[in-house]
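Here is a short tour of a helical neighbourhood, written to be read with the viewer open. Take a look at the fold first, and then we can walk through it together.

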Amino acid sequence: LETLVAEQGESAEQKIDYGYLAGLAEEGLKNFPAAARWFHAVLQINPDYRDTNERMKTNLKRCEKIQS
């Protein structure tokens, strides 16, 4: 994730799109911790991007349920 955010060759828009889609993919695979990390990376670049904040919160809650 840090590499994605720090990468200089890609535009911020490309990083956001890639991170958001990666988050959706991990969410679909039920890998909720990874999904939350991807959505968090997107929020670091653009805090208002689509429904990213809600998706991150939802996946964090799913992580808590798994640990319980």
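## Helix α4 and its cover

Let us begin with what packs over helix α4: the cover of its buried residues includes α2 (12-28) and α3. Please keep in mind that this is a predicted model. The buried residues of α4 are Thr52, Met56, Asn59 and Cys63. Viewed down the axis of α4, these buried residues fall within an arc of 70°, so they line one face of the helix. Turn to the other side of α4 and you will find Lys61, Glu64 and Lys65, which are exposed.

The length of α4 also checks out. Its 16 residues (residues 52-67), at 1.5 Å a residue, should span 22 Å, and the end C-alpha atoms are 23 Å apart, which agrees.

## Helix α3

Helix α3 covers residues 32-45, and its 14 residues should span 20 Å at 1.5 Å a residue. The C-alpha atoms at its ends are 20 Å apart, in agreement with that expectation.

Which residues of α3 are buried? They are Phe32, Ala34, Ala35, Ala36, Trp38, Phe39, Ala41, Val42 and Leu43.

## Leu43 as a meeting point

Leu43 is found in helix α3 and makes a good place to zoom in. Its relative accessible area is 12%; buried means under 20%, so Leu43 counts as buried.

What does Leu43 touch, leaving aside its neighbours within four places in sequence? Its contacts are Thr52, Asn53 and Met56. Two of these names are familiar from α4, where Thr52 and Met56 are among the buried residues. Leu43 and Met56 are 13 residues apart in sequence, while their C-alpha atoms are 9.1 Å apart in space.

## Aromatic pairs

The model has 3 aromatic pairs by the ring-centre rule. One of them joins Tyr18 and Trp38 in an edge-to-face arrangement, with 5.7 Å centre to centre and 80° between the planes. Tyr18 lies in helix α2 and Trp38 in helix α3, so this pair ties together parts that are 20 residues apart in sequence.

Are the two partners buried or exposed? Trp38 is buried, with a relative accessible area of 16%, whereas Tyr18 counts as partly exposed at 49% relative accessibility. There is also a cluster to look for: ring pairs link Tyr20, Phe39 and Tyr49. Phe39, like Trp38, is listed among the buried residues of α3.

Technical notes: Residues are numbered from 1 along each chain as its sequence is written. This is a predicted model: local features need pLDDT of at least 70, side-chain atom pairs count only at pLDDT 80 or more; totals for chains, interfaces and linings use all residues. Side-chain values use heavy atoms; hydrogens and water are left out. Helices (H or I, at least four residues) and strands (E, at least two) are DSSP runs, numbered from the N terminus. The expected span of a helix is 1.5 Å times one less than its number of residues. Buried means under 20% relative accessible area, exposed over 50%, partly exposed in between (1.4 Å probe, protein chains only). The arc is that of the directions from the helix axis to the C-beta atoms. Contact means heavy atoms within 4.5 Å. Rings of Phe, Tyr and Trp (its six-membered ring) pair if their centres lie within 6.5 Å; planes under 30 degrees apart count as stacked, over 60 as edge-to-face and the rest as tilted.
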